[in-house]
Amino acid sequence: MILFFDKALLAIGNVLFVAGLAFVIGLERTFRFFFQKHKMKASGFFLGGVLVVLIGWPLIGMVLEIYGFFLLFRGFFPVVVGFIRRVPVLGYLLNLPGISSLVDKVGESNNMV
(Lines give C-alpha, C1' and ligand atoms only; values in the text may rest on other atoms or scores of the structure.)
Protein backbone atom coordinates (compact mmCIF):
# COMPACT_ATOMS: atom_id res chain seq x y z
CA MET A 1 0.00 0.00 0.00
CA ILE A 2 2.92 2.35 0.64
CA LEU A 3 4.00 2.04 -3.00
CA PHE A 4 0.54 3.16 -4.17
CA PHE A 5 1.63 6.81 -4.12
CA ASP A 6 5.15 6.23 -5.42
CA LYS A 7 5.72 8.97 -7.98
CA ALA A 8 7.78 6.76 -10.32
CA LEU A 9 5.12 4.05 -10.46
CA LEU A 10 2.35 6.61 -10.98
CA ALA A 11 4.31 8.33 -13.75
CA ILE A 12 4.86 4.99 -15.52
CA GLY A 13 1.16 4.16 -15.15
CA ASN A 14 0.11 7.53 -16.57
CA VAL A 15 2.41 7.24 -19.56
CA LEU A 16 1.26 3.68 -20.22
CA PHE A 17 -2.42 4.68 -19.95
CA VAL A 18 -2.09 7.46 -22.52
CA ALA A 19 0.12 5.31 -24.78
CA GLY A 20 -2.32 2.40 -24.53
CA LEU A 21 -5.21 4.66 -25.46
CA ALA A 22 -3.23 5.92 -28.45
CA PHE A 23 -2.42 2.37 -29.55
CA VAL A 24 -6.05 1.26 -29.25
CA ILE A 25 -7.80 4.15 -31.00
CA GLY A 26 -4.91 5.79 -32.87
CA LEU A 27 -2.89 8.94 -32.36
CA GLU A 28 -5.21 11.28 -34.24
CA ARG A 29 -8.37 10.09 -32.47
CA THR A 30 -6.61 10.25 -29.10
CA PHE A 31 -5.57 13.83 -29.78
CA ARG A 32 -9.10 14.72 -30.92
CA PHE A 33 -10.59 13.02 -27.84
CA PHE A 34 -8.49 14.97 -25.35
CA PHE A 35 -8.67 18.32 -27.12
CA GLN A 36 -12.34 18.68 -28.03
CA LYS A 37 -13.66 22.11 -27.14
CA HIS A 38 -16.17 20.84 -24.57
CA LYS A 39 -13.56 18.56 -22.93
CA MET A 40 -10.78 21.11 -22.46
CA LYS A 41 -11.49 21.52 -18.73
CA ALA A 42 -11.43 17.76 -18.17
CA SER A 43 -8.29 17.32 -20.27
CA GLY A 44 -6.62 20.14 -18.38
CA PHE A 45 -7.31 18.48 -15.04
CA PHE A 46 -6.23 15.04 -16.23
CA LEU A 47 -3.06 16.12 -18.03
CA GLY A 48 -2.32 18.66 -15.29
CA GLY A 49 -2.55 15.85 -12.77
CA VAL A 50 -0.09 13.83 -14.83
CA LEU A 51 2.27 16.80 -14.83
CA VAL A 52 1.89 17.30 -11.06
CA VAL A 53 2.72 13.61 -10.49
CA LEU A 54 5.79 13.95 -12.70
CA ILE A 55 6.86 17.03 -10.72
CA GLY A 56 6.73 14.98 -7.53
CA TRP A 57 3.42 15.61 -5.73
CA PRO A 58 1.63 12.29 -6.22
CA LEU A 59 -1.33 12.81 -3.87
CA ILE A 60 -2.39 16.14 -5.36
CA GLY A 61 -1.72 14.83 -8.87
CA MET A 62 -3.90 11.77 -8.32
CA VAL A 63 -6.79 13.90 -7.08
CA LEU A 64 -6.55 16.08 -10.19
CA GLU A 65 -6.29 13.03 -12.45
CA ILE A 66 -9.30 11.30 -10.90
CA TYR A 67 -11.44 14.42 -11.28
CA GLY A 68 -10.31 14.86 -14.88
CA PHE A 69 -10.85 11.16 -15.61
CA PHE A 70 -14.45 11.30 -14.41
CA LEU A 71 -15.10 14.44 -16.45
CA LEU A 72 -13.51 12.92 -19.56
CA PHE A 73 -15.20 9.54 -19.43
CA ARG A 74 -18.59 10.39 -17.90
CA GLY A 75 -20.26 9.66 -21.22
CA PHE A 76 -19.14 6.03 -20.95
CA PHE A 77 -20.61 5.43 -17.49
CA PRO A 78 -24.15 4.55 -18.70
CA VAL A 79 -22.68 1.93 -21.04
CA VAL A 80 -20.55 0.48 -18.22
CA VAL A 81 -23.51 0.40 -15.82
CA GLY A 82 -25.67 -1.33 -18.43
CA PHE A 83 -22.96 -3.93 -19.00
CA ILE A 84 -22.38 -4.57 -15.29
CA ARG A 85 -26.13 -5.01 -14.72
CA ARG A 86 -26.02 -7.98 -17.10
CA VAL A 87 -23.25 -9.72 -15.16
CA PRO A 88 -24.92 -12.30 -12.84
CA VAL A 89 -23.53 -11.48 -9.37
CA LEU A 90 -22.70 -7.82 -9.94
CA GLY A 91 -26.09 -7.17 -11.53
CA TYR A 92 -27.80 -8.49 -8.42
CA LEU A 93 -25.67 -6.21 -6.22
CA LEU A 94 -26.45 -3.16 -8.36
CA ASN A 95 -30.18 -3.84 -8.03
CA LEU A 96 -30.17 -3.78 -4.21
CA PRO A 97 -32.46 -1.04 -2.81
CA GLY A 98 -29.82 1.39 -1.52
CA ILE A 99 -27.42 0.96 -4.40
CA SER A 100 -30.02 0.91 -7.17
CA SER A 101 -30.98 4.59 -6.91
CA LEU A 102 -27.34 5.70 -6.94
CA VAL A 103 -26.54 3.49 -9.93
CA ASP A 104 -29.63 4.80 -11.75
CA LYS A 105 -28.36 8.37 -11.37
CA VAL A 106 -24.97 7.41 -12.80
CA GLY A 107 -26.59 5.43 -15.60
CA GLU A 108 -28.89 8.27 -16.69
CA SER A 109 -26.13 10.58 -17.92
CA ASN A 110 -27.19 12.29 -21.14
CA ASN A 111 -23.68 13.48 -22.03
CA MET A 112 -22.50 11.97 -25.27
CA VAL A 113 -18.83 11.28 -25.93
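This report covers the helices and the nonpolar core of a predicted model.

Local features need pLDDT of at least 70, side-chain atom pairs count only at pLDDT 80 or more, and totals for chains, interfaces and linings use all residues. Residues are numbered from 1 along each chain as its sequence is written, and side-chain values use heavy atoms, with hydrogens and water left out.

Helices are DSSP runs (H or I, at least four residues), numbered from the N terminus. Helix α1 holds 19 residues, 7-25. Its end C-alpha atoms lie 27 Å apart, in agreement with the 27 Å expected at 1.5 Å a residue (1.5 Å times one less than the number of residues). G26 follows α1 and has a positive phi, near 100°.

Residues of α1 sort by burial (buried, under 20% relative accessible area; exposed, over 50%; partly exposed in between; 1.4 Å probe, protein chains only).

| Set in α1 | Residues |
|---|---|
| Buried | L10, A11, N14, L21, A22 |
| Exposed, on the face turned away from the buried side | L16, F23, V24 |

The buried set covers an arc of only 110° around the axis (directions from the axis to the C-beta atoms), so these residues sit on the same side of α1. They pack against α2, α3 and α4 (contact: heavy atoms within 4.5 Å).

The largest nonpolar core has nine residues: L21, F33, F34, A42, F46, V50, L71, L72 and F73. Such a core joins buried Ala, Val, Leu, Ile, Met, Phe, Trp, Tyr and Cys residues through side-chain atoms within 4.5 Å. Helices α2 (27-34), α3 (40-55) and α4 (58-72) each supply at least two of its residues. The largest share, three residues, comes from α3.

S43 also lies in α3. It counts as buried because its relative accessibility is 2%. Leaving out residues up to four places away in sequence, S43 touches F34, F35, G48 and L72.
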